[in-house]
Amino acid sequence: MAANGGSLERRGSMRRSGSKAKEEPAADHRAEDHGTGPSDIEVIKEKFGKLLLGEDMSGSGKGVPSALALSNAITNLAAAVFGEQRKLEPMAPDRKARWKKEVGWLLSVADQIVEFVAKKQVLDNGVEMEVMGTQQRRDLQSNIPALRKIDAMLLDYLDAFKDRTDFWYVKRDSCSDAEKEESNTSEEKWWIPIVKVPPNGLPPASRAWIQHQKELVNQVLKAAMAINANCLMEMAIPESYLESLPKNGRASLGDALYRIITDVEFDPDDFLSTVDLTSEHKILDLKDRIEASVIIWNRKVHNKDGKSAWGSAVSQEKREQFEERAQTLLLIIKHRFPGIPQSTLDIAKIQENRDVGFALLESYSRVLESLAFNVMSRIEDVIVADNVAREKAKKDAPPGSISEAPPQVPDGADSMTLLDFMGWNGDSEGRSDDQSPSAVDPAQDDGRLMKLPNIMTNLFMKTSQ
C-alpha cells in the first residue's frame with residue numbers, strides 16, 4: 001500500500017487576483033505541503049488505519065485478516081519501490097529512504113509479538129525463584145535481523161555499481177532485431193533496457209568483478225529463499241486446498257510422469273529432461289502437480305485422509321519412497337528456477353494464514369528474494385552481452401591476435417561472504433552450502449511439505465498441531 005502522497009486535496013488553488021493578499025498565508029502553507037508531501041505521522045496514520053480496517057475502506061468489517069493485510073502492505077510497498085529498478089545502478093535516494101522508513105514501520109509489529117519464557121528472578125531477601133516473562137518470539141528474534149542484513153547487503157551491492165562505465169544501457173526500441181535476439185532479456189520483458197558493452201567485451205578486471213558480484217548476490221538469494229521456504233513450510237495447509245486434491249498421486253501427476261517417478265531406476269535429472277520446461281507456466285504447473293502428489297502420499301502414509309480404501313495396492317514403504325523422490329524434484333525445481341511465481345499451495349497458505357509473525361517473515365523474505373533474483377538477472381544480462389561481444393571479436397580478429405590474462409577476483413570488503421557478514425558459521429558437521437538433493441528430510445506427520453533450505457534458520461516451531 002503505497003502512500004498516496006500526491007492525492008492530498010488542495011482547494012482554492014485557482015484564486016482571483018482581488019483576494020490574493022488575503023489568501024497569501026494559506027497559499028504559502030499549501031505550497032509547503034506540496035513541496036514536502038505528507039508528514040511521516042500522516043503516512044503512518046494512513047498505513048496502519050488501512051491495516052486495522054483489513055483493507056476494507058467501508059469499515060463494514062468485511063476486510064481481510066490482519067496477517068494478510070500486513071503481507072499485502074509489504075508486497076505493495078516493495079512493488080512501488082523496487083518496480084523501477086531496471087538497471088544495475090544505485091537505487092534512487094528518495095526510493096531508498098522511503099523503503100527503509102516504511103518497511104521499518106511495518107516490521108515494528110514484530111516487536112509486539114512475544115512468547116512466555118521462564119526467567120530467574122532474585123528477590124530482595126536473596127531468594128532465587130523462577131517466574132514467567134515475555135520475550136520476542138524466537139523465529140522473529142532470529143530471522144528479522146537476518147532479513148534486515150540481507151536487505152542492507154542488496155542495497156549495498158546496487159550501490160557498488162555507481163559510476164560504472166564499462167557497460168551501459170540503451171532503450172529496446174532503439175536496437176536492431178539482431179541486437180534484441182542477442183540480448184538475455186525476452187520480448188515479454190519489453191520494459192527492461194538492453195545492456196551494451198565495448199566491442200571487444202569487458203576488460204578482464206571488470207569481468208572478474210562482475211562475476212564476483214554475481215556470486216555475492218547468489219548467496220543472498222539463497223539465504224532469502226531458505227527463510228521463505230522454512231516459513232511456508234511452517235504454515236498449515238488450508239482445508240480448502242486439501243479438499244481440492246485428486247484421489248491419488250497418479251491422478252495428480254498423470255500416467256506418464258507417475259510411471260517415471262515410481263520406476264525402480266529413478267533419476268531426478270532424467271525426469272526433468274523428459275518434461276517440457278520451456279515456459280514459466282509449464283514449470284509452475286509441474287510444481288503444482290508434484291506438490292499435490294507429495295501431500296497425497298504423505299497423508300496416506302500417516303493415514304490422515306480418513307479413507308482406508310484409497311490406493312491399498314501400494315505399500316507404505318513405496319509411498320514413502322515416492323514422496324522422497326517428489327521432494328527431491330521440488331528442491332531441484334526451486335533452485336533451478338528461483339524466479340517462478342508462487343505455487344497454488346503457497347498462495348493458499350498465504351491467503352489462509354492467520355499468524356502475523358509468519359506473514360511478516362514470509363512477505364519480507366519473498367520481496368527480498370524477488371529483488372535478489374532481479375539483480376542476479378541484470379548481472380547475467382551483462383555477462384551474456386560480454387560473451388557475445390567477445391565471440392564476435394574472436395571471429396573478426398586474425399588468428400592468434402587475441403590473448404587474455406586470467407581474471408582475478410578483486411580483494412577487499414567485497415570478498416566477504418554471506419556467512420561472514422551474517423555470522424552464520426554452519427552446523428557442527430561442517431555441511432557445505434551446496435547440499436545434495438537426495439538429503440531431503442522426510443515429511444512431517446501432519447502432511448506439511450518439508451523443503452530443504454541451503455541455510456538453516458531455526459524457525460519457531462508450533463507446539464499445537
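**Exercise 1.** Leaving aside its neighbours within four places in sequence, which residues is D269 in contact with?

*Solution.* The model used here is predicted. Start by placing the residue: D269 belongs to helix α11, residues 268-274. Next, list its contacts beyond the sequence neighbours, which are I332 and R336. Then compare sequence and space for one of these partners: D269 and I332 are 63 residues apart in sequence, while their C-alpha atoms are 8.7 Å apart. Finally, consider accessibility. Buried requires under 20% relative accessible area and exposed over 50%. D269 has 43%, so D269 is partly exposed.

**Exercise 2.** Determine whether the end-to-end distance of helix α12 agrees with its number of residues, and state how enclosed the helix is.

*Solution.* Helix α12 covers residues 280-301, which is 22 residues. The expected span is 1.5 Å times one less than the number of residues, and for α12 this comes to 32 Å. The C-alpha atoms at the two ends of α12 are 32 Å apart, in agreement with the expected value. For enclosure, take the buried residues: 17 of the 22 residues of α12 are buried, so the helix is largely enclosed by the rest of the structure. After the helix comes N303, with a positive phi near 55°.

**Exercise 3.** Classify the packing of α12 against α14, and that of α4 against α5, from their axis angles.

*Solution.* Take α12 and α14 (residues 344-352) to begin with: their axes are 8 Å apart and the angle is about 70°. Angles of 65 to 115 degrees count as roughly perpendicular, so α12 is roughly perpendicular to α14. On the α12 side the contact uses K287, D288, E291 and I295, and on the α14 side T344, L345 and D346.

Now take α4 and α5. Their axes come within 13 Å and cross at roughly 175°. An angle over 145 degrees counts as roughly antiparallel, so that is the class of α4 and α5. K96, W99, K100, V103, G104 and L107 of α4 meet I144, R148, D151, L155 and D159 of α5.

**Exercise 4.** Describe the nonpolar cores of the chain, and name the element that gives the most residues to the largest one.

*Solution.* The largest nonpolar core has 62 residues, and W99, F167 and I210 touch the most other members. Two or more residues come from each of α3 (66-82), α4 (93-107), α5 (138-159), α7 (204-234) and α15 (356-396). The most come from α15, which gives 15 residues to this core. A second core is separate, has 21 residues and includes I261, L277, F322 and L329.

To look at one member of the largest core, take F167. Apart from residues up to four places away in sequence, F167 touches L88, F161, V195, K196, V197, L202, I210 and V382.

**Exercise 5.** Work out how strands β1 and β2 are paired, and what lies between them.

*Solution.* Strand β1 spans residues 114-122 and β2 spans residues 128-136; nine bridges join the two, and they run antiparallel. One position in the pairing is Q121, which stands opposite M129 in β2. Five residues lie between the strands of this hairpin, where G126 has a positive phi near 90°.

**Exercise 6.** Summarise the chain as a whole.

*Solution.* Count the elements: 16 helices and four strands. Of the 465 residues, 42% count as buried. Among contacts with a separation of 6 or more, 76% are between residues 24 or more positions apart.

Note on methods: Residues are numbered from 1 along each chain as its sequence is written. This is a predicted model: local features need pLDDT of at least 70, side-chain atom pairs count only at pLDDT 80 or more; totals for chains, interfaces and linings use all residues. Side-chain values use heavy atoms; hydrogens and water are left out. Buried means under 20% relative accessible area, exposed over 50%, partly exposed in between (1.4 Å probe, protein chains only). A nonpolar core is a set of buried Ala, Val, Leu, Ile, Met, Phe, Trp, Tyr and Cys residues joined through side-chain atoms within 4.5 Å. Contact means heavy atoms within 4.5 Å. Two strands pair if DSSP finds at least two bridges between them. Axes are lines fitted to C-alpha atoms, for helices over the stretch in contact, and angles run from 0 to 180 degrees between N-to-C directions. Angles under 35 degrees count as roughly parallel, over 145 as roughly antiparallel, 65 to 115 as roughly perpendicular and the rest as oblique.
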